[in-house]
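Q: Could you take me on a close look at one part of this model, the strands and the aromatic rings around them? I would love one connected account.

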Amino acid sequence: SYLYVANGPVTVQNPRRNGSPTVVNVPNGFEALTVDVNSDRSIAVFGGVIQNGARSAYLVMDVSSNPLNPRVVTMEVVSGQGRGRITGVASAGQDIFYVFDDDSSSIGHARIQQSLLEDSEVKDVLSRVE
């Protein structure tokens, strides 16, 4: 088992071994605030902010082949309409759910495309963040 932490940088470590956490490479400017591991899909979903907190996004990482060095699958910007900043993510099956700090009772929802998880090449998610 591995411990994924969202506290600005994305880190991972094996809690059964001594050693420091490993800082994971993520798209430039992404600051992680929350994380959930979907063991059925072998992914970790991180919620966070980009552009110095101006926009919220979630980041999907493949942890199947090397949990200590996960691969970025996709990043999706989800802020807008004054929704505040993302404060929680959860994932089950092909679904991702997220909430914001705007005191609303609404829950955002997205579906993970299976083709993204099967794609052997890492997508250039940086070009999607302007």
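A: **Strands and rings**

Happy to. Let us start with one residue pair: Asp62 stands opposite Arg71 in β7. Asp62 closes strand β6 (residues 55-62), and β6 pairs with β7 in the antiparallel sense over 6 bridges. Here strands are DSSP runs (E, at least two residues) numbered from the N terminus, and two of them pair if DSSP finds at least two bridges between them.

Before going further, a word on the source: this is a predicted model, where local features need pLDDT of at least 70 and side-chain atom pairs count only at pLDDT 80 or more, while totals for chains, interfaces and linings use all residues. Residues are numbered from 1 along each chain as its sequence is written, and side-chain values use heavy atoms, with hydrogens and water left out.

Now the wider setting. β6 and β7 belong to an open sheet of 4 strands with the order β4-β5-β6-β7 and antiparallel pairing. At its edges stand β4 (31-38) and β7 (71-77), each with a single partner strand, so one side of each has no neighbour in the sheet. Neighbouring strands here are turned by 20° against each other on average, direction ignored; the axes behind such angles are lines fitted to C-alpha atoms, and angles run from 0 to 180 degrees between N-to-C directions.

A further open sheet has 3 strands in the order β8-β9-β10, also with antiparallel pairing. Its edge strands are β8 (86-92) and β10 (108-111), each with a single partner, so each leaves one side without a neighbour in the sheet. From one strand to the next, the twist averages 20°. β9 and β10 pair over 4 bridges in the antiparallel sense, and Asp95 has Arg111 in β10 as its bridge partner.

On to the rings. The whole structure holds 2 aromatic pairs, counted when ring centres of Phe, Tyr or Trp (its six-membered ring) lie within 6.5 Å; planes under 30 degrees apart are stacked, over 60 edge-to-face and the rest tilted. Tyr98 and Phe100 have ring centres 5.8 Å apart and planes at 90°, so they are edge-to-face. Together with Tyr58, they form one aromatic cluster. Tyr98 is buried at 8% relative accessible area, and Phe100 is buried at 7% (buried is under 20%, exposed over 50%, partly exposed in between, with a 1.4 Å probe and protein chains only).

Finally, Phe97, found in strand β9 (residues 95-100), is partly exposed at 35% relative accessible area.
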